[in-house]
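Thank you all for coming; I would like to take a few minutes to walk through one model with you. Please have the sequence and the coordinates open as I go.

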Amino acid sequence: MKITYYGHSAILVQGENGSVIIDPFLRQNPASGIKPENLVVDAVIVTHGHMDHIGDSIEIAKRNNCPIIAIDELCKHFVGQDSTLQTYPLGLSGFCEFSWGSIKLTQAYHGHGVELGENLAYALPVGVILKIDKQIFYHAGDTGLFGDMRLIGELHNIDIAALPIGGRFTMDIPDSVIAAEMIGAKRYLPIHYNTFDAIRQDVGKWQKEMLKRGLQSVVLENGKTYTV
Ligand code: NI
Ligand code: MN
């Protein structure tokens with residue numbers, strides 16, 4: 001399994017049988033390291049309805065003729081924007097296998113607003129568990145700290161977990177370190193930081209705190225790939 005970070009919460013996960021992009025916020029993030037038209041994927045996964053996660057999902061799904069996978073209500077809002085879109089709705093704990101691997105949605109504690117179209121809409125935010133090439137990746141989405149992260153870690157033998165560390169809208173450095181201790185993954189990737197001033201963090205400080213607790217961290221510059 002290969003993980004490529006495109007800034008903010010955007011992650012490309014590539015396996016032997018296909019690729020998926022999570023939360024492709026690219027055009028509005030000049031530092032992302034890729035243009036949406038250059039992505040070749042089998043699915044677009046969106047953790048929640050905020051624009052810094054929906055990003056270029058519609059464009060990428062249409063270009064690649066592939067589905068947007070998200071929680072049911074968010075899929076309905078996507079189709080409301082463009083009835084030609086393919087979507088694959090799931091509920092919380094919903095699981096599905098595809099040719100590229102499998103996905104399961106987990107809970108995330110975060111805002112429910114959907115920033116698509118003019119009317120205020122709602123859909124539960126989620127985290128995502130992907131199993132690709134027998135390896136397990138947990139993308140926590142945008143979330144505050146919650147105790148059931150321990151359960152998520154107990155139920156899945158997580159090889160790598162992407163955790164928001166930016167604070168303000170999600171967990172900050174101390175909370176993400178507590179989360180990592182609960183999850184018990186083999187390694188952790190920090191996300192959702194330094195994109196805007198409001199979520200500026202010293203990632204070196206995060207790495208130090210992780211190291212103190214014997215937790216392995218993988219910090220990726222935008223556009224860089226890590227092979228799990
Ligand atoms: Ni958000
Ligand atoms: Mn966000």
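Let me begin with the metal site, where the donors of the nickel ion (ligand 1) are spaced along the chain as H-x1-H-x59-H-x31-D. Before going further, I should say that this is a predicted model. The residues behind that spacing are His 48, through NE2, His 50, through ND1, His 110, through NE2, and Asp 142, through OD, and they coordinate the nickel ion (ligand 1) at 2.2 to 2.3 Å. How is the arrangement of these 4 donor atoms classed? The angles they subtend around the nickel ion (ligand 1) run from 88 to 175 degrees, which makes the arrangement irregular. Two of the histidines are buried, since His 48 has a relative accessibility of 1% and His 50 one of 15%, where the cut-off for buried is under 20%. Asp 142 also coordinates the manganese ion (ligand 2), which lies 3.1 Å from the nickel ion (ligand 1).

Let me turn to the aromatic residues, of which the structure holds 4 pairs. In one of them, Phe 98 and Trp 100, the ring centres are 5.1 Å apart and the planes meet at 5 degrees, so this pair is stacked. Phe 98 is partly exposed, at 22% relative accessible area, whereas Trp 100 is buried, at 4%. Another pair, Tyr 109 with Phe 146, is edge-to-face, with 5.3 Å between the centres and 70 degrees between the planes. This pair links distant parts of the chain, 37 residues apart, with Tyr 109 in the loop between strand 8 (101–107) and strand 9 (113–114) and Phe 146 in the loop between strand 12 (135–139) and helix 4 (149–155). Here, too, the partners can be set side by side, in that Tyr 109 is exposed at 51% relative accessibility, while Phe 146 is buried at 6%. Finally, Tyr 88 joins Phe 98 and Trp 100 in one aromatic cluster.

My last topic is the sheet. An open sheet of mixed pairing is formed by 7 strands in the order 6-5-4-3-2-1-15, and its edges are strand 6 (87–90) and strand 15 (225–227), each of which pairs on one side only. Within the sheet, neighbouring strands are turned against each other by 20 degrees on average, direction ignored. Strand 2 (residues 11–15) and strand 3 (residues 18–22) pair in the antiparallel sense over 5 bridges, and Gln 14 stands opposite Ser 19 in strand 3. Helix 3 (residues 72–81) lies across strand 5 (68–71) and strand 6, running at about 130 degrees to strand 5.

Conventions
Residues are numbered from 1 along each chain as its sequence is written. Chains are lettered from A and ligands numbered from 1 in the order in which they are written. This is a predicted model: local features need pLDDT of at least 70, side-chain atom pairs count only at pLDDT 80 or more; totals for chains, interfaces and linings use all residues. Side-chain values use heavy atoms; hydrogens and water are left out. Rings of Phe, Tyr and Trp (its six-membered ring) pair if their centres lie within 6.5 Å; planes under 30 degrees apart count as stacked, over 60 as edge-to-face and the rest as tilted. Buried means under 20% relative accessible area, exposed over 50%, partly exposed in between (1.4 Å probe, protein chains only). Helices (H or I, at least four residues) and strands (E, at least two) are DSSP runs, numbered from the N terminus. Donors are N, O and S atoms within 2.8 Å of the metal (3.2 Å for Na, K and Ca); water is not among the atoms, so sites may look incomplete. Four donors count as tetrahedral if all angles lie between 85 and 135 degrees; four count as square planar and six as octahedral if opposite donors are over 155 degrees apart and all others between 65 and 115; anything else is irregular. Two strands pair if DSSP finds at least two bridges between them. Axes are lines fitted to C-alpha atoms, for helices over the stretch in contact, and angles run from 0 to 180 degrees between N-to-C directions. Contact means heavy atoms within 4.5 Å.
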